[in-house]
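Colleague: Got a minute to look at this one with me? I'd like to talk through the ligand and then the aromatic rings.

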Amino acid sequence: MHDEVKKYYGQILVTSSDLQTDACCTDASMPPWLKAAMADIHDEVSAKYYGCGLVAPQQLEGARILDLGSGSGRDCYLLARLTGEDGYVVGVDMTDEQLDVAKRHIQWHADRYCYSTPNVEFRKGYIERLDELELEDESFDIIVSNCVINLSPDKDAVLREAWRVLKPGGELYFSDVYSERRVPEELVKDPLLYGECLSGALYWNDFLTLAKNNGFADPRLVEDRPLTIDNPKIEEMLGTHRFYSATYRLFKIPELEGSCEDYGQAVIYKGTVENHPDLFELDKGHRFETGKVEPVCGNSWRMLRDSRFADHFEFFGSGDTHYGIFNGCGTAMPFDEDGSGEHASEGSCC
Ligand SMILES: C[S@@+](CC[C@H](N)C(=O)[O-])C[C@H]1O[C@@H](n2cnc3c(N)ncnc32)[C@H](O)[C@@H]1O
């Protein structure tokens, strides 16, 4: 599959308009500060963008970030701008043609951002084998990835390596495609369906299990949308199979619990994260308005207290006493069927 995917992204696709479906497309609306940063990206880099979501988590200043499957480098350059000159971004991709475009514009972006030296580099390699790229244990604050992990033949290895290279308290924040049920082998083997980021997609509940098995005990869904496909031939091949694009954040916080437990804790957001003065969104089910006391489960409390967000919250409760289940984590599919963005009553944790 690696060779098929290299051919698809290196030779078959020339720009994003060559894509056959809406799987590798992003339709998320962008706040003005992000639009402004996006306007500073080289046209050739943007033309070869094949991502399916926004991978720009909060509080990036000075962060060291790894992008798995960085393609032509759009997200790397965006993040390099958001981290500022003190941050650093490493992009990893296996396809020469994609890496060539990304590398060609390193100095252009450093000049554009008025940095004295570039803060981005690209390495050729496989996201399942980061050890071959001399990426050290616990060396990144954040890992992002945009429409790539579905293309990996060994997703378990990708999550295992992500856990290894993340610093404690760091997070894997990534957009990808998921299926609503397991995809049959004959569709997985189809190079077009696989290359279009569809048939390699994990069934969402298998993804949750895989994440938990690799230490990410409480994956948090940030946003999602159903894919419409918009291609009669491909729709016929897919039959009743439905797909979703979704962004998850997975914190590397050892000993998070498998469910949301109530320890009588609460937080107040101080409104101090840059570009987020009124509201901080941890995930689809946790939106913290500035100054408001919000009761949280033990896991959410630790995601805020043991990560780069700690200075931006006030924390209440010792966590010494357990008061039972926080709010029942559902088992229904977590994605919105209609793309309305309404929070699911079940499935979105807490
Ligand atoms: C759908 S494109 C997304 C590229 C980029 N993230 C973006 O948003 O434009 C998938 C990219 O992942 C790379 N890729 C896929 N599987 C990979 C793997 N196992 N190791 C390294 N790169 C991989 C491909 O070469 C391609 O550039």
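Modeller: Sure, let's start with the ligand site and then move on to the rings.

Modeller: Keep in mind that this is a predicted model.

Colleague: Okay, which residues come nearest to the ligand?

Modeller: There are 24 residues around the ligand, and the nearest are Tyr 50, Gly 69, Asp 93, Thr 95 and Glu 128.

Colleague: And what does Tyr 50 offer the ligand's oxygen atom?

Modeller: A polar backbone atom of Tyr 50 sits 2.8 Å from an oxygen atom of the ligand. From a side chain, an N or O atom of Gln 98 is 3.0 Å from a ligand oxygen. On the nitrogen side, His 2 has a side-chain N or O atom 3.2 Å from a nitrogen atom of the ligand.

Colleague: How much of the ligand's accessible area does the protein cover?

Modeller: 100% of the 590 Å² that the ligand has on its own. The space the ligand takes up is also the largest cavity.

Colleague: Which helix gives the most to the shell?

Modeller: That's helix H1, residues 2-12, which contributes three residues.

Colleague: What's the make-up of the shell by class?

Modeller: Twelve residues are nonpolar, nine are polar and three are charged.

Colleague: Switching to the rings: how many aromatic pairs are there?

Modeller: The count is 19 aromatic pairs. One of them is Tyr 77 with Phe 122, an edge-to-face pair with 5.7 Å centre to centre and 65 degrees between the planes.

Colleague: Where do those two sit in the chain?

Modeller: Tyr 77 is in helix H4 (residues 74-83) and Phe 122 is in strand S3 (residues 120-124). They are 45 residues apart, and the pair links distant parts of the chain.

Key
Residues are numbered from 1 along each chain as its sequence is written. This is a predicted model: local features need pLDDT of at least 70, side-chain atom pairs count only at pLDDT 80 or more; totals for chains, interfaces and linings use all residues. Side-chain values use heavy atoms; hydrogens and water are left out. A residue is near a molecule or strand if one of its heavy atoms lies within 4 Å of it. A polar contact is a pair of N or O atoms within 3.5 Å; within protein, one must be able to donate a hydrogen and the other to accept it, and residues adjacent in sequence count only if both atoms are side-chain atoms. Accessible areas come from the Shrake-Rupley method with a 1.4 Å probe; for residues, only the protein chains shown count as cover. On a 1 Å grid over the protein atoms alone, a cavity is a set of points where a 1.4 Å probe fits but cannot get out, and a pocket is an open set with protein on both sides within 12 Å along at least five of seven lines; lining residues have an atom within 4 Å of a point. A molecule sits in a cavity or pocket if more than half of its atoms lie within 2 Å of its grid points. Helices (H or I, at least four residues) and strands (E, at least two) are DSSP runs, numbered from the N terminus. Ala, Val, Leu, Ile, Met, Phe, Trp, Tyr, Cys and Pro count as nonpolar, Asp, Glu, Lys and Arg as charged, and the others, Gly among them, as polar. Rings of Phe, Tyr and Trp (its six-membered ring) pair if their centres lie within 6.5 Å; planes under 30 degrees apart count as stacked, over 60 as edge-to-face and the rest as tilted.
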